[in-house]
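Q: I want to learn how to read aromatic contacts in a structure. Can we work through an example?

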Amino acid sequence: MDYEQFAGEKCHELMRIQEEFKEKFGIDHYEHWTYDAELELLRLYNDDNDQLYLKYTPVGTFSLKSETWMWSWFNEHSIEPSKDNVLAVKDFGIEKDYSKLIDGTFPADEYDCWEFAAIAFDILDGMGLYRVATEKLHIYMLIIGIVSENSSDVIKFNQKKVECKSHGLSRAAFVCQHLDLEHPKGFEEAFETYKGMDLDEGDDFAAWCNECEKVRIQHDGWNEKSEEFAKIKLICEECYFELKKFNSTV
Ligand SMILES: [Zn+2]
Ligand SMILES: [Zn+2]
């Protein structure tokens, strides 16, 4: 069987299953989405009382700008632990000599993308597919389970998240009012940090500039006076590490 015929068949199969999946879980009824790549958790919601958590495996992404497809196993920005499961699709491609399943990235159109998603669905087993659509990117997610709102993954998902204009939903971090990306001002931290690290209960990313450090020492630590000078503000984890990189130079 040639690739076109095979892909067409799989797409047809998926369409039928996908309709059932969407209807059963009311997928189209949710207006908004957010997801956490580390936890591989997708949240569909209208509000806090009307939501659904789904476990996913990333299949791949379609860039609307370059009109290219990229398999998740090839994507170095994809941090989902299960992306390597998608290599089973590549193995199958090698066996059948289907180059579109073997190459990591190449020009494609939206129709191709649904074919890739359908083939991944067939090989990897799942409940259905969900496509997260942003302005620049379509992310194809293979849905592999429904997650209870009381599960530890969902609790982690909702812990300490802030909505950042640049970075979306991310963990919270705290910095003094002086730190910016214009002039390096030093970067004193409550404890040594790195991006993505696990935080103990009650620990937060927190940093302040050299001036704040002087004031803090003058006033024997954090108190009303030194805090007034620092005016600590809430930012996202991604922003925090951008500031750290820039400000650590002095
Ligand atoms: Zn400061
Ligand atoms: Zn941010």
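The dialogue below covers ring pairs, then a charge over a ring.

A: Keep in mind that this model is predicted.

Q: What describes a pair of aromatic rings?

A: The distance of the centres and the angle of the planes describe it.

Q: How many aromatic pairs does the count come to?

A: The count comes to 20 aromatic pairs. One of them joins F6 and F92. Their centres are 5.3 Å apart, with 35° between the planes. That pair is tilted, because an angle under 30 degrees would count as stacked and one over 60 as edge-to-face.

Q: Which helices hold F6 and F92?

A: F6 lies in helix α1 (residues 3-25), and F92 in helix α2 (residues 87-96). The pair therefore ties together parts that are 86 residues apart in sequence. Both F6 and F92 are buried.

Q: What is the geometry of the W208 and W222 pair?

A: W208 and W222 meet edge-to-face, at 5.1 Å centre to centre and 90° between the planes. W208 is in strand β11 (residues 205-208), while W222 is in the loop between α6 (210-218) and α7 (224-230), so this pair ties together parts 14 residues apart in sequence.

Q: Where do W208 and W222 stand, buried or exposed?

A: W208 is buried, at 7% relative accessible area. W222 is partly exposed, at 31%.

Q: Which residues do ring pairs link into a cluster?

A: W69, W71, F106, W114, F116 and Y140 are linked in this way.

Q: Where does the charged end of R43 sit?

A: Over the ring of Y45, with 3.9 Å between that charged end and the ring centre.

Technical notes
Residues numbered from 1 in each chain as written. Chains lettered and ligands numbered in written order. Predicted model: local features only at pLDDT ≥ 70, side-chain atom pairs only at ≥ 80, totals over all residues. Heavy atoms only, no water. Phe/Tyr/Trp six-rings, centres within 6.5 Å; stacked < 30°, edge-to-face > 60°. Helix = DSSP H or I, 4+ residues; strand = E, 2+ residues; numbered from the N terminus. Buried < 20%, exposed > 50% of the residue type's maximum accessible area, 1.4 Å probe, protein only. Lys NZ or Arg CZ within 6 Å of the ring centre and 35° of its normal.
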